[in-house]
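Welcome! Take a moment to turn the model below and get a feel for it, and then we can walk through it together.

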Amino acid sequence: MQGTCHHLINFIPKLLAASSQKRLRLYRTLLKVIAHKAFPDRPARNEPRVRKRRPKIYPLMTKPRHELRKQLQTA
């Protein structure tokens, strides 16, 4: 992501100053540069695929909060 932003920042002035034909070539070059940018090696960056939130024992709120408060006060 950061590398893509750097490439965009570098290409934008050139794209703005270019003619329409050259702008198209610069745009395609920019896309190729971004597409061929390799991800850096990040050892020990494996994340387990698990659910983060645990199920709660409480029911879902299906009525407006003020109605539920009245219901609790009368119970």
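Which residues form a nonpolar patch on the surface? In this predicted model, the patch consists of L8, I12 and L16, and together they have about 290 Å² of accessible area. Look at L16 for a moment: this residue sits in helix α1. With a relative accessible area of 68%, L16 lies over the 50% cut-off, and therefore counts as exposed.

Now step back to the whole chain. Following the sequence, you will meet the pattern α-α-α, with three helices and zero strands. The radius of gyration is 27 Å, well over the 11 Å that the globule rule gives for 75 residues, so the chain is more spread out than a compact globule. A box of roughly 75 × 35 × 15 Å, taken along the principal axes, holds the C-alpha atoms.

What about the surface and the inside? The accessible surface of the chain is about 8,100 Å², and carbon and sulfur atoms account for 58% of that area. Of the 75 residues, 7% are buried.

In soluble globular proteins, nonpolar side chains tend to be buried together. Here, the largest nonpolar core has five residues: F11, L15, A18, L26 and L30. Helices α1 (2-17) and α2 (20-35) are the elements that each give two or more residues to this core. To see how one core member is placed, find L30: setting aside neighbours within four places in sequence, L30 is in contact with H7, L8, F11 and L15. One of these partners, L8, brings us back to where we began, as a member of the surface patch.

Key
Residues numbered from 1 in each chain as written. Predicted model: local features only at pLDDT ≥ 70, side-chain atom pairs only at ≥ 80, totals over all residues. Heavy atoms only, no water. Core = buried A, V, L, I, M, F, W, Y, C linked by side-chain atoms within 4.5 Å. Buried < 20%, exposed > 50% of the residue type's maximum accessible area, 1.4 Å probe, protein only. Helix = DSSP H or I, 4+ residues; strand = E, 2+ residues; numbered from the N terminus. Contact = heavy atoms within 4.5 Å. Patch = residues over 30% accessible without salt bridge, like charges linked within 9 Å, V, L, I, M, F, W, Y side chains within 5 Å. Areas by Shrake-Rupley, 256 points an atom, 1.4 Å probe, with all protein chains shown as cover. Salt bridge = Lys/Arg side-chain N within 4 Å of Asp/Glu carboxyl O. Rg over C-alpha atoms; globule rule 2.2 N^0.38 Å.
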